[in-house]
Amino acid sequence: MGTLEGKAALVTGGSRGIGAAIVKRLARDGADVAFTYASRADAAAAVTAEVEALGRRCLAIRADSADADAVAGAVGQAVRAFGRLDVLVNNAGIFPYGPPEEVTVEEIDRTLAIHVRSAFVAAQAALAHMGQGGRIVSIGSCLAHRVPYPGVALYAASKAALVGLTKGLARDLGPRGITVNLVDPGSTDTDMNPADGEAADGERAFSALGRYGEPDDVAAMVAHLAGEGGRTVTGAAVAVDGGFCA
């Protein structure tokens, strides 16, 4: 029996990269999993097929995480599909990059909406359905804690905000038996940041291990926090960054 047998989870941004790895890992551990995706219906269908092949129920929900109503609606759809919600993973993200003087107000608003507001709104919606043993995990970034190169001020700021959100919610929800944690990946081999990309060698140089991580590395930590092993971990920011912040 999987450690999440009988549980239901929702992962935002679950059709590719780290999000897809999290969806599949939670399913392997026994959970039924819903996930949101922005546009890639083909990728969402592929993830759904993999989860269902494991004998788990899966629901792909098209929802833009910049739209607060869509985020809250996705929580409702997951609950209606599975009858419960035990695990929320706030993973949806973008990577704005460039000199600060070139960043537009629209970029600022969209980045904060996707990385911060959506995490808060999803948690608000989930709390109507979560009870003792509920788990909220957000995916942050090592760049929230160390910024060794230029061009990522907006991204770093948006991910740093999740530290405060995590600690505040952990304090609020502890009496209800719900844990809230943050997982901070480092350079991870995805289509957003491929290990064979132009900047990859430079990123490896910042890591103590000198290599990229895999999406499954992040998914394993999320699964640990979502399961029984995470029952006394809350308000924590856990690095899965190969020593980027060491």
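Is threonine 111 buried or exposed? In this predicted model, threonine 111 is buried, since its relative accessible area is 1%, under the 20% that marks the limit for burial. The residue belongs to helix α4, which makes that helix a convenient place to begin. Beyond its neighbours within four places in sequence, threonine 111 is in contact with Ile94, Pro96, Val116, Leu154 and Ser158. Two of these partners, Leu154 and Ser158, belong to the α5 side of the contact between α4 and α5, and threonine 111 itself is listed on the α4 side.

That contact deserves a fuller description. Two packed helices are described by the angle between their axes and the distance between the axes. Helix α4 spans residues 105–127 and helix α5 spans residues 153–173; their axes lie 9 Å apart and the packing angle is about 15°. Because of this angle, α4 is roughly parallel to α5, and the crossing of the two is right-handed. From α4, the contact draws on Glu107, Ile108, Thr111, Leu112, His115, Val116, Ala119, Phe120, Ala123 and Leu127. From α5 come Leu154, Tyr155, Ser158, Lys159, Ala161, Leu162, Leu165, Leu169 and Leu173. Sorted by class, the residues where α4 meets α5 are 14 nonpolar, three polar and two charged.

Helix α4 also packs with helix α3. Here the angle is about 35° and the axes are 9 Å apart, with a right-handed crossing once again described for α3 and α4. On the α3 side, the contact is made by Ala68, Val71, Ala72 and Val75, while α4 contributes Arg117, Ser118, Val121, Ala122, Ala125 and Ala126. Eight nonpolar residues, one polar and one charged make up this contact of α3 with α4. Glycine 73 also has its place in helix α3, which covers residues 68–82. With a relative accessibility of 28%, glycine 73 counts as partly exposed. Its C-alpha atom is separated by 8.4 Å from that of alanine 125, although the two residues are 52 residues apart along the chain.

Another helix pair is found earlier in the chain numbering. Helix α1 (residues 17–28) and helix α2 (residues 41–53) have axes that come within 9 Å and cross at roughly 15°. This angle makes α1 roughly parallel to α2, and their crossing is right-handed. The residues in contact are Ala20, Val23, Lys24 and Ala27 from α1, together with Val47, Glu50 and Val51 from α2. In terms of class, the contact of α1 with α2 includes five nonpolar and two charged residues, with no polar ones.

Beyond the end of α4, methionine 130 sits in the loop between α4 and β5. With a relative accessible area of 7%, methionine 130 is buried. Its C-alpha atom is separated by 5.8 Å from that of aspartate 86, a residue 44 places away along the chain. When residues up to four places away in sequence are set aside, methionine 130 touches Leu85, Asp86, Val87, Leu88, Arg135, Ile136, Arg176 and Ile178.

Aromatic rings add a further set of links. A pair of aromatic rings is described by the distance of the centres and the angle of the planes. The structure holds four aromatic pairs. One of them joins tyrosine 149 and phenylalanine 206 in a tilted arrangement, 5.8 Å from centre to centre and with 35° between the planes. Tyrosine 149 lies in the loop between β5 (135–139) and α5, and phenylalanine 206 lies in helix α6 (residues 200–206), so this pair ties together parts that are 57 residues apart in sequence. Both rings belong to partly exposed residues: the relative accessible area is 21% for tyrosine 149 and 26% for phenylalanine 206.

Phenylalanine 206 has a further ring partner in phenylalanine 244, and this pair is edge-to-face, with 6.1 Å between the centres and 65° between the planes. As phenylalanine 206 lies in helix α6 and phenylalanine 244 in the segment after β7 (237–240), the pair ties together parts that are 38 residues apart in sequence. Phenylalanine 244 counts as buried, at 3% relative accessibility, whereas phenylalanine 206 is partly exposed. Elsewhere, ring pairs link Phe95, Tyr97 and Tyr155 into a cluster. Tyr155 leads back to the helices, being among the α5 residues in contact with α4.

Terms used
Residues are numbered from 1 along each chain as its sequence is written. This is a predicted model: local features need pLDDT of at least 70, side-chain atom pairs count only at pLDDT 80 or more; totals for chains, interfaces and linings use all residues. Side-chain values use heavy atoms; hydrogens and water are left out. Axes are lines fitted to C-alpha atoms, for helices over the stretch in contact, and angles run from 0 to 180 degrees between N-to-C directions. Helices (H or I, at least four residues) and strands (E, at least two) are DSSP runs, numbered from the N terminus. Angles under 35 degrees count as roughly parallel, over 145 as roughly antiparallel, 65 to 115 as roughly perpendicular and the rest as oblique. A crossing is left-handed if the near helix is turned anticlockwise from the far one by less than a right angle, and right-handed if clockwise. Contact means heavy atoms within 4.5 Å. Ala, Val, Leu, Ile, Met, Phe, Trp, Tyr, Cys and Pro count as nonpolar, Asp, Glu, Lys and Arg as charged, and the others, Gly among them, as polar. Rings of Phe, Tyr and Trp (its six-membered ring) pair if their centres lie within 6.5 Å; planes under 30 degrees apart count as stacked, over 60 as edge-to-face and the rest as tilted. Buried means under 20% relative accessible area, exposed over 50%, partly exposed in between (1.4 Å probe, protein chains only).
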